[in-house]
Amino acid sequence: MKRREFFETVGLAAVGTSVLAGLPSISFGNTKLKTGRGMKLSYEIKRINLTHTWTISRNSSDYKDNVFVYLEKDGITGIGEAGPNIRYDETPESTVATIEKAIPLFANADPFEYVQLGYDIKELVPGQTAAKAALDIALMDWVGKALNVPLYRLWGLDPTKSPYTSFTIGIDTIEVVKQKTREAAPYKILKVKVGKEGDEELIKAVRSVTNTTIRVDANEGWTDKEVAIKKIEWLVKNGVEFIEQPLPAKMMEETRWLRDRVEVPIIADEAVKTTSDIPQLAEAYDGINIKIMKAGGLQEALRMIWLAKSLNMKIMIGCMIESSVGISAAAQLCSLIDYADLDGNLLISNDPFKGTDVVDGKIVLNDRPGHGAIVR
Ligand code: MG
């Protein structure tokens with residue numbers, strides 16, 4: 001028999017066997033999977049308090065009212081979290097309204113059809129991605145728990161390849177900034193918020209306490225490209241690794257101009273929410289800051305990672321002010337990214353949950369199923 005004929009025969013035989021035997025059934029170890037529709041959705045608002053007043057270029061706050069979602073079926077409960085952000089027209093009330101719209105969807109849902117269900121969540125209302133994120137996080141947590149696997153395992157990712165997370169220093173008085181920097185000594189990377197008056201003094205205050213890696217986030221705070229380039233040149237001399245969202249999201253042309261003239265990567269944050277935003281950003285930014293709350297869920301965040309990788313863009317995963325539920329969910333994707341900024345739960349004083357740990361600045365995933373965050 002000729003070589004080609006041999007392979008054709010073997011190939012046909014294999015196809016013939018599978019046709020005769022019918023489609024193979026899929027099993028997950030010893031896990032007995034119940035199938036069927038119907039998930040019970042409930043939610044609650046929890047106030048989470050910030051250790052320090054949180055000031056960025058836009059606003060200031062002492063607490064956040066986040067919305068927690070519980071999806072229940074077959075004695076398993078998936079937990080999700082929404083950290084609504086007024087920058088994206090989200091409030092706890094608008095978040096709750098969106099979650100309530102999802103009750104009929106989940107009442108008739110098979111959670112193992114989570115990909116289609118994820119797209120159905122996206123269609124509920126325009127925007128309101130924090131609410132959608134809570135629904136998708138709870139759904140994926142349920143799926144992981146039902147299959148008895150952590151989500152990083154479900155998605156084929158190596159949990160040991162997680163990066164160090166930066167710890168954020170918000171805008172404050174010079175003395176408080178120095179104090180916060182001292183408190184942040186266990187972290188290998190600091191992210192310093194700038195974009196108001198006195199950026200240079202702020203960085204000098206941090207540098208007077210530490211020589212560690214600094215990343216800078218202007219939160220759209222500089223509105224003139226000439227001002228921004230001078231600021232960035234000064235920051236580069238003071239050893240910053242990259243600049244996040246130097247100019248307002250809508251100033252694409254100016255950002256492209258800036259990016260061509262500075263030596264450090266420019267990362268998009270406010271300019272990017274979901275996958276469809278990414279292609280147009282590749283010309284003006286070196287990377288994107290993916291947040292589960294902006295993306296509208298873990299599944300969309302994964303799609304964003306694949307697309308950004310195909311465009312050779314750097315990938316950062318960031319967060320809002322979130323408890324360990326939101327942070328542990330985002331951390332599941334850590335091995336795919338270049339930079340992590342998952343400190344939302346480290347900035348609060350009354351985290352109702354525990355999950356992903358940070359040990360000497362490095363993100364450490366646990367082996368609990370789902371996202372791995374449980375009630376404290
Ligand atoms: Mg940012």
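**Figure 1. Residues lining the largest cavity of the predicted model.** Gly118, Ile121, Lys122, Lys132, Asp136, Gly296, Gly297, Gln299, Glu300 and Arg303 form the lining of the largest cavity in this predicted model. At least two lining residues come from each of α4 (114–122), α5 (129–147) and α13 (298–310). By class, five residues of this lining are charged, four are polar and one is nonpolar. The volume of the largest cavity is about 60 Å³, and one cavity of 30 Å³ or more is found in a search of the whole structure. Domain 2 (41–149) and domain 3 (154–375) both contribute residues to the lining, so the largest cavity lies between these domains.

**Figure 2. The largest pocket and the residues closest to its centre.** The largest pocket holds about 510 Å³ of space. Its lining comprises 32 residues, and those closest to the centre of the pocket are Trp54, Lys64, Pro84, Asn85 and Ile321. Strands β2 (60–73) and β5 (189–193) each provide at least two residues of this lining; β2 gives the most, with six residues. Twelve residues of the lining are charged, ten are polar and ten are nonpolar. Because both domain 2 (41–149) and domain 3 (154–375) supply lining residues, the largest pocket is situated between them.

**Figure 3. The second largest pocket and its contributing elements.** About 180 Å³ of space lies in the second largest pocket. Of the 14 residues that line this pocket, Thr51, His52, Phe167, Thr168 and Leu347 lie nearest its centre. Two or more lining residues are given by each of β1 (40–55), β4 (166–169) and α7 (174–183). The largest share, five residues, belongs to β1. The lining of the second largest pocket divides by class into seven nonpolar, five polar and two charged residues. Residues of both domain 2 (41–149) and domain 3 (154–375) take part in the lining, and the second largest pocket therefore lies between the two domains.

**Figure 4. Packing of helices α7 and α8.** Helix α7, which also gives residues to the lining of the second largest pocket, packs against helix α8 (residues 199–207) at an angle of about 40°. The axes of α7 and α8 are 8 Å apart. Angles from 35 to 65 degrees fall outside both the roughly parallel and the roughly perpendicular classes, and α7 and α8 are therefore oblique to each other. The crossing of these two helices, α7 and α8, is right-handed.

Methods
Residues numbered from 1 in each chain as written. Predicted model: local features only at pLDDT ≥ 70, side-chain atom pairs only at ≥ 80, totals over all residues. Heavy atoms only, no water. 1 Å grid on protein atoms, 1.4 Å probe; cavity = no way out; pocket = protein on both sides within 12 Å on 5 of 7 lines; lining within 4 Å. Points joined across faces, edges and corners; volume = space filled by probe spheres on them. Helix = DSSP H or I, 4+ residues; strand = E, 2+ residues; numbered from the N terminus. Nonpolar A, V, L, I, M, F, W, Y, C, P; charged D, E, K, R; others polar. Domains from an automatic or database assignment. Axes fitted to C-alpha atoms, helices over the stretch in contact; angles between N-to-C directions. Parallel < 35°, antiparallel > 145°, perpendicular 65-115°, else oblique. Left-handed = near helix turned anticlockwise from the far one by under 90°.
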